[in-house]
Amino acid sequence: MISIRGQVDINMSHNTKKNSALIINGGPSPEKRVLDYLPKFDEVLAVDSGFDNATSLGIVPDVVIGDLDSISAGGLETVEKKSIEIISFPENKDKSDLELAILHASRTCGSVTIVDSGGGRVDHMWGVFSAMVSNANSMISCEAFVGSSYVKVVRDAHEVKPLASNLVSIFPFGGIAEGVSLSGFRWNLNHETLNPGSTRGLSNEIVDRSGNISVQKGVLLVIQPDLY
């Protein structure tokens, strides 16, 4: 397994677990430039054909998880030859392979970082966001690199630092977000309510060295686009 020090810090202040997991999702292969941004991690999970994607990034997973309907024949042969752990599920199930991978990681890890190409089917992309904010994952820190964007799940408070640009979009996900406060942004909020379907949080900008986000009830997806 390789370990990469990146440019994005994971906020684990509300977690007691120490380990961190990297999850490589299936679908189209992500760009290698994502390697420059990954934090350090303790274990790597590949979601089905995510094993092939991990290989393309030069990463050797510790675990392959899913229904194994999309991993390449060569990839599966490599998994077996290297005796990499396989956790398989039937195709007929109530959770996506990614959500199952996050749940598996949450047993021992306080944080997960997901890598997804951001390409492929739109419904799969919505599934990535849904898996990230699942109530079953509410006790862990969850972030993702989706295409060239950085996505962070915020359930309490989060400090946002400018990356390649100052742009930040903030959306409620899965319901109303109440008591939302923003400081250090071009458009700040003070204990406001953000409703699902609203674009009020689209394309905000950090105007200070960092921006602070907090929410009293609900879940926010914080997206910083155009990393590369």
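**Exercise 1. Work out whether Asp-67 is buried or exposed in this predicted model, and what surrounds it.**

*Step 1.* Start with the accessibility. Asp-67 has a relative accessibility of 15%. The cut-off for buried is under 20%, so Asp-67 counts as buried.

*Step 2.* Now place Asp-67 on the chain. You'll find it in the loop between strand S3 (63–66) and helix H2 (73–81).

*Step 3.* Look for partners, skipping neighbours within four places in sequence. Asp-67 is then in contact with Asp-48, Phe-89, Pro-90, Glu-91, Lys-93 and Asp-97.

*Step 4.* Pick out the Lys from that list. The side chains of Lys-93 and Asp-67 are joined by a polar contact of 2.8 Å.

**Exercise 2. Stay in that loop and find what is notable about phi of Leu-68. Then look at Asp-226 in the same way.**

*Step 1.* Recall the background. Most residues other than glycine have a negative phi.

*Step 2.* Check Leu-68. Its phi is near 60 degrees, a positive value in a residue that isn't glycine. Leu-68 sits in the loop between S3 and H2, and at 27% relative accessibility it counts as partly exposed.

*Step 3.* Check Asp-226. Here too phi is near 60 degrees, and again the residue is not a glycine. Asp-226 belongs to the segment after strand S14 (220–224). With a relative accessible area of 46%, Asp-226 is partly exposed.

**Exercise 3. Find out how many residues of helix H3 are buried, and what they pack against.**

*Step 1.* Go to residues 97–106, which make up H3. The helix is mostly covered, with ten of its ten residues buried.

*Step 2.* Name some of them. The buried set includes Leu-98, Leu-100, Ile-102 and Leu-103, and charged Asp-97 and Glu-99 are among them as well. You've already met Asp-97, as one of the contacts of Asp-67.

*Step 3.* See what lies against them. The buried residues of H3 pack against strands S1 (19–24), S2 (43–47), S3, S4 (85–88) and S5 (109–116), and also against helix H4 (122–132).

**Exercise 4. Describe the setting of Pro-61.**

*Step 1.* Locate it: Pro-61 is in the loop between helix H1 (50–56) and S3.

*Step 2.* Read off the accessibility. Pro-61 is at 4%, so it counts as buried.

*Step 3.* List the contacts, again leaving aside neighbours within four places in sequence. For Pro-61 they are Val-44, Ala-46, Phe-51, Ala-54 and Ile-84.

*Step 4.* Try a distance across the chain. Pro-61 and Ala-136 are 75 residues apart in sequence, and their C-alpha atoms are separated by 23 Å.

**Exercise 5. Zoom out and work out why the chain can be called as compact as a globular protein of its length.**

*Step 1.* Take stock of the elements: the chain has four helices and 14 strands.

*Step 2.* Compare the radius of gyration with the rule. The chain's value is 17 Å, close to the 17 Å that the globule rule gives for 228 residues, so the chain is as compact as a globular protein of that length.

*Step 3.* Add the extents. Along its principal axes, the C-alpha trace spans about 55 × 35 × 35 Å.

*Step 4.* Look at burial and contacts. Of the 228 residues, 49% count as buried. Among contacts with a separation of 6 or more, 66% come from residues 24 or more positions apart.

*Step 5.* Finish with the surface and the charges. The accessible surface is about 10,900 Å², and carbon and sulfur atoms account for 48% of that. There are 19 positive and 27 negative side chains, with the centres of the two sets 6 Å apart.

Note on methods. Residues numbered from 1 in each chain as written. Predicted model: local features only at pLDDT ≥ 70, side-chain atom pairs only at ≥ 80, totals over all residues. Heavy atoms only, no water. Helix = DSSP H or I, 4+ residues; strand = E, 2+ residues; numbered from the N terminus. Buried < 20%, exposed > 50% of the residue type's maximum accessible area, 1.4 Å probe, protein only. Polar contact = N/O pair within 3.5 Å; in protein donor to acceptor, adjacent residues only side chain to side chain. Contact = heavy atoms within 4.5 Å. Rg over C-alpha atoms; globule rule 2.2 N^0.38 Å. Areas by Shrake-Rupley, 256 points an atom, 1.4 Å probe, with all protein chains shown as cover. Charge placed at Lys NZ, Arg CZ, Asp CG, Glu CD.
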